[in-house]
Amino acid sequence: MSLESSLFALLSPLVGGRVFPDVAPFDTARPYIVWQQIGGQAPTFLENTVPSKRNATVQISAWADTRMDANSTSLAIESALTLATTVQARALAAHVAEHEPDLLRYGARQDFSIWADR
C-alpha cells in the first residue's frame, strides 16, 4: 500500500473521509485533515538498487471550528499514525496551533517522519 493510500485509510475514519493532499476544497465541512509531503530521507545503496521503502516528512493539519476540536483531531491523528501497522510513523515534534480569523477556523499541524512501501 502506498504512503498516500495508507494516509487516507488511516486518517479518514477520524473526519468522515474528509482527508486531502495539499489543500481542501473551500467549502469543505469541518473537521477535515490536509497533509503534504515537505521532504524526507532519500536512502541509497552502494549496490545501486532501488529501496523497497520510502521515507517522507509529512506535515498534517487538522482544521475545525474550535481550538478544542482541532487539538482533539490532531491528537487522534498522532495516535492513529503511532499505532499503525501499514506504515512506521513517528512525530517529529508536538503540534503547532494555527488560526484563520477570516475563515473562522482553527488548526493544529504536526510533522511526522513516515516510512512506507515504495
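Where is Pro-31 found? Pro-31 sits in the loop between β1 (19-21) and β2, and this briefing returns to that loop below. The model described here is predicted. The protein contains 2 helices and 6 strands, and their order along the sequence is α-β-β-β-α-β-β-β.

**Overall form**

- With 118 residues, a compact globule would be expected to have a radius of gyration near 13 Å, and the value of 15 Å for the protein agrees with this.
- Along the principal axes, the C-alpha atoms of the protein fill a box of roughly 55 × 25 × 25 Å.
- Contacts between residues at least 6 apart in sequence include many that span long stretches of chain: 60% of them join residues at least 24 apart.

**Surface and charge**

- Of the 118 residues of the protein, 36% count as buried.
- The accessible surface of the protein comes to about 6800 Å², and 56% of this surface belongs to carbon and sulfur atoms.
- The protein carries 9 positive and 12 negative charges, and the mean positions of these two groups are 3 Å apart.

**Nonpolar cores**

- The largest nonpolar core has 20 residues. Within this core, the residues with the most contacts are Leu-7, Val-58, Ile-60, Ile-77, Leu-81 and Ile-114.
- Both helices, α1 (3-11) and α2 (67-83), give two or more residues to this core, as do the strands β2 (32-39), β3 (53-64) and β6 (105-117).
- Leu-81 illustrates how the core is joined: leaving aside neighbours within four places in sequence, Leu-81 is in contact with Leu-7, Leu-10, Ile-60, Ala-89 and Phe-112.
- A second, separate core has 5 residues, among them Phe-20, Tyr-32, Val-34 and Trp-63.

**The loop between β1 and β2**

- Most residues other than glycine have a negative phi, and most peptide bonds are trans. The loop between β1 and β2 holds Asp-22 and Pro-31, which are described in the next two points.
- The peptide bond that joins Arg-30 and Pro-31 is cis, with an omega of about 5°.
- Asp-22 is not a glycine, yet its phi is positive, at about 70°. Is Asp-22 buried or exposed? Asp-22 counts as exposed because its relative accessibility is 54%, and the cut-off for an exposed residue is over 50%.

**The loop between β2 and β3**

- Asn-48 lies in the loop between β2 and β3.
- Asn-48 also has a positive phi, of about 60°, although it is not a glycine.
- With a relative accessibility of 71%, Asn-48 counts as exposed.

**The loop between β4 and β5**

- Leu-92 is located in the loop between β4 (88-91) and β5 (96-100).
- At 41% relative accessibility, Leu-92 counts as partly exposed.
- Which residues does Leu-92 touch, not counting residues up to four places away in sequence? Leu-92 touches Thr-57, Asp-111, Phe-112 and Ser-113.
- Phe-112 is thus a contact of Leu-92 and also a contact of Leu-81.
- Leu-92 and Val-58 are 34 residues apart along the chain, and their C-alpha atoms are separated by 9.8 Å. Val-58 is one of the residues with the most contacts inside the largest nonpolar core.

Methods. Residues are numbered from 1 along each chain as its sequence is written. This is a predicted model: local features need pLDDT of at least 70, side-chain atom pairs count only at pLDDT 80 or more; totals for chains, interfaces and linings use all residues. Side-chain values use heavy atoms; hydrogens and water are left out. Helices (H or I, at least four residues) and strands (E, at least two) are DSSP runs, numbered from the N terminus. The radius of gyration is taken over C-alpha atoms; the globule rule is 2.2 Å times the number of residues to the power 0.38. Buried means under 20% relative accessible area, exposed over 50%, partly exposed in between (1.4 Å probe, protein chains only). Contact means heavy atoms within 4.5 Å. Accessible areas come from the Shrake-Rupley method with a 1.4 Å probe; for residues, only the protein chains shown count as cover. Lys and Arg count as positive and Asp and Glu as negative; His and the chain ends are not counted. The place of a charge is taken as NZ of Lys, CZ of Arg, CG of Asp or CD of Glu. A nonpolar core is a set of buried Ala, Val, Leu, Ile, Met, Phe, Trp, Tyr and Cys residues joined through side-chain atoms within 4.5 Å.
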